[in-house]
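Could you walk me through this model in my viewer, one selection at a time? I would like to know what to pick next and what is there.

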Amino acid sequence: MSGRKFCVGGNWKMNGDQKSIADICKTLSGAALDPNTEVVIGCPSIYLMYARNLLPCELGLAGQNAYKVAKGAFTGEISPAMLKDIGADWVILGHSERRAIFKESDELIAEKAEHALAEGLKVIACIGETLQEREAGKTNEVVARQMCAYAQKIKDWKNVVVAYEPVWAIGTGKTATPDQAQEVHAFLRQWLIDNISKEVSASLRIQYGGSVTAANAKELAKKPDIDGFLVGGASLKPEFVDIINARQ
């Protein structure tokens, strides 16, 4: 084992209401969760305080996005300072949906990450290629480009977790095989050695995301360079407990 603490994030996306969130929090509160796994819940912003009051205190809480400045005339945005103020300690940035649907650039995402870290939040920094990019043999090129953008802005990686999410495997039911996922994670590990440092490569946690379920989590978790998961739809279901406990 690598010595890197396994880290599982649940990204609820734009889902949930007070009743369903209360049910999820009750399930997580009553479950025997692996104490060797760090858990972070990515909750819609308007329910962050509500979820924080219901979740076990040892679970992290993440905003699903944040802007690159502390305050100002940015209608509809939220800042890392606001997330911290209401009890969140993490933020998810650069998710493929932010990139594809909301047209966020590599540069903007990196600026957001830089600011969030400076404000004292921990960051789940997402990367990943589309189906067209994978079929064109450009997977490594795309994830390297996305990592380069982060690396231009991030100088201290200790509060960063990278989430590799092949876009073609998100919400499609298609999953990268454990070997496909490991291959990209190993490439990222080598990229970190070549472009950042051996120390960062050895310590930085790289999650896999993309249709992770209780059925495939155990096999994925055995791979040497997969340090956890960023889970979408399954994090809304009781099976999320089994995903958290995939290393047991």
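Helices here are DSSP runs of H or I with at least four residues, and they are numbered from the N terminus. With that in hand, select S96, which is found in helix α4, residues 96-100. Keep in mind throughout that this is a predicted model.

**Stop 1: S96**

Is S96 buried or exposed? S96 counts as buried because its relative accessibility is 12%, and the cut-off for buried is under 20%. Now show what surrounds this serine: apart from neighbours within four places in sequence, S96 is in contact with I101, V167 and I170.

**Stop 2: the strands**

Next, select strand β4, residues 90-93, and display the side chains. W90 and I92 point one way, V91 and L93 point the other way, and all are buried. Add strand β3, residues 60-63, to the selection: β3 runs parallel to β4, and 2 bridges join them. To find one of the pairings, click on A62, whose bridge partner in β4 is W90.

Move on to strand β6, residues 160-164. How many of its residues are buried? The count is 5 of 5, so the strand is mostly covered. Turn the view to look at each face of β6 separately: V160, V162 and Y164 lie on one side, V161 and A163 lie on the other, and all are buried.

Bring in the strands that pair with β6. Strand β5, residues 122-127, runs parallel to β6 and is joined to it by 5 bridges. Strand β7, residues 205-208, also runs parallel to β6, with 4 bridges between them. V161 is a handy residue to centre on: I124 stands opposite V161 in β6, and V161 in turn stands opposite R205 in β7.

**Stop 3: helices α7 and α8**

Two packed helices are described by the angle between their axes and the distance between the axes. Select helix α7, residues 139-153, together with helix α8, residues 178-195. Their axes come within 11 Å and cross at roughly 40°, which means that α7 is oblique to α8. The crossing of α7 past α8 is right-handed.

Which residues make the contact? On the α7 side, pick T139, N140, V143, A144, M147, C148 and A151. On the α8 side, pick V184, F187, L188, W191 and L192. Coloured by class, this contact of α7 with α8 shows 10 nonpolar residues, 2 polar and no charged.

**Stop 4: helices α5 and α7**

Keep α7 on screen and swap α8 for helix α5, residues 106-118. The axes of α5 and α7 come within 8 Å and cross at roughly 40°, so α5 is oblique to α7. This crossing is right-handed.

From α5, the contact takes D106, I109, A110, E111, A113 and E114. From α7, R145, Q146, A149, Y150 and K153 take part. Keep the colouring by class: the contact of α5 with α7 has 5 nonpolar residues, 1 polar and 5 charged.

**Stop 5: two backbone angles**

Most residues other than glycine have a negative phi. Now go to K13, in the loop between β1 (6-11) and α1 (18-30). K13 is not a glycine, although its phi is positive, at about 55°. Is K13 buried or exposed? K13 counts as buried, because its relative accessibility is 19%.

Then jump to S211, in the loop between β7 and α10 (214-221). S211 has a positive phi of about 55° and is not a glycine. With a relative accessible area of 17%, S211 is buried.

**Stop 6: the loop between β8 and α11**

Finish at K237, which lies in the loop between β8 (228-231) and α11 (240-244). K237 is partly exposed, with a relative accessible area of 47%. Draw a distance from its C-alpha atom to that of I24: the two residues are 213 residues apart along the chain, and the C-alpha atoms are separated by 7.3 Å.

P238 is found in the loop between β8 and α11. P238 counts as exposed because its relative accessibility is 60%. For a last distance, go from P238 to A214, which are 24 residues apart along the chain, with their C-alpha atoms separated by 9.7 Å.

Methods: Residues numbered from 1 in each chain as written. Predicted model: local features only at pLDDT ≥ 70, side-chain atom pairs only at ≥ 80, totals over all residues. Heavy atoms only, no water. Axes fitted to C-alpha atoms, helices over the stretch in contact; angles between N-to-C directions. Parallel < 35°, antiparallel > 145°, perpendicular 65-115°, else oblique. Left-handed = near helix turned anticlockwise from the far one by under 90°. Contact = heavy atoms within 4.5 Å. Nonpolar A, V, L, I, M, F, W, Y, C, P; charged D, E, K, R; others polar. Buried < 20%, exposed > 50% of the residue type's maximum accessible area, 1.4 Å probe, protein only. Pairing = 2+ DSSP bridges.
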